[in-house]
Amino acid sequence: MVLSRGWSLFLVGVGVWTWVIWPRFAVAIWNDPRAWSAGTVGEGSPTSFLWVHALLIAASLAIGTTVGVLGIRGWLAARRPTA
């Protein structure tokens, strides 16, 4: 299957968007007092709030990376001449 250039660019955009948004969200979660058992950022042990969000962020970055790579591969395949 060959993606059109438009869909390929869309997938690349989704991949870039993922890498723009999720790291900022990770910083916000890290700095949230609910993420730490002591209620102070960086003190005490990580709570399930932090672990659940860390898993969500990791999965989203993995999916976004995969989608972006598929978009790049689709773009490159659309540029190749057909035989």
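The legends below describe an overall view and several close-up views of a predicted model.

**Figure 1. Overall view of the chain, whose secondary structure consists of two helices and zero strands.** The radius of gyration is 18 Å, well over the 12 Å that the globule rule gives for 83 residues, so the chain is more spread out than a compact globule. Taken along the principal axes, the box filled by the C-alpha atoms is roughly 65 × 15 × 10 Å. Of the 83 residues, 23% count as buried, and the chain exposes about 5900 Å², of which carbon and sulfur atoms supply 71%. Among contacts between residues at least 6 apart in sequence, 53% join residues at least 24 apart.

**Figure 2. Close-up of the salt bridge between Arg34 and Asp32.** The structure holds one salt bridge, and in this pair the closest N and O atoms are 2.7 Å apart. Side chains of opposite charge can pair when their charged atoms come close. The two partners differ in their surroundings, since Arg34 counts as exposed at 55% relative accessibility, whereas Asp32 is buried, with a relative accessible area of 14%.

**Figure 3. Close-up of Asp32 in the loop between α1 (5-30) and α2 (48-79).** When neighbours within four places in sequence are left aside, Asp32 is in contact with Val41 and Phe49. With a relative accessible area of 14%, Asp32 falls under the 20% limit and is therefore classed as buried. Phe49, one of the contacts of Asp32, also belongs to the largest nonpolar core, which is the subject of the next view.

**Figure 4. Close-up of the largest nonpolar core, which has five residues.** The members of this core are Ile29, Ala35, Trp36, Phe49 and Leu50. In soluble globular proteins, nonpolar side chains tend to be buried together. Not counting residues up to four places away in sequence, Ala35 touches Ile29, Phe49 and Leu50, and the list of its contacts also includes Ser45, Pro46 and Thr47.

**Figure 5. Close-up of a nonpolar patch on the surface, formed by Val16, Trp17, Val20 and Ile21.** Together, these four residues have about 390 Å² of accessible area. Val16 is found in helix α1, and at 49% relative accessibility this residue counts as partly exposed, because the exposed class begins only over 50%.

Definitions and conventions:
Residues are numbered from 1 along each chain as its sequence is written. This is a predicted model: local features need pLDDT of at least 70, side-chain atom pairs count only at pLDDT 80 or more; totals for chains, interfaces and linings use all residues. Side-chain values use heavy atoms; hydrogens and water are left out. Helices (H or I, at least four residues) and strands (E, at least two) are DSSP runs, numbered from the N terminus. The radius of gyration is taken over C-alpha atoms; the globule rule is 2.2 Å times the number of residues to the power 0.38. Buried means under 20% relative accessible area, exposed over 50%, partly exposed in between (1.4 Å probe, protein chains only). Contact means heavy atoms within 4.5 Å. Accessible areas come from the Shrake-Rupley method with a 1.4 Å probe; for residues, only the protein chains shown count as cover. A salt bridge is a side-chain nitrogen of Lys or Arg within 4 Å of a carboxyl oxygen of Asp or Glu. A nonpolar core is a set of buried Ala, Val, Leu, Ile, Met, Phe, Trp, Tyr and Cys residues joined through side-chain atoms within 4.5 Å. Patches are made of residues with over 30% relative accessible area and no salt bridge: like charges are joined within 9 Å, nonpolar side chains (Val, Leu, Ile, Met, Phe, Trp, Tyr) within 5 Å.
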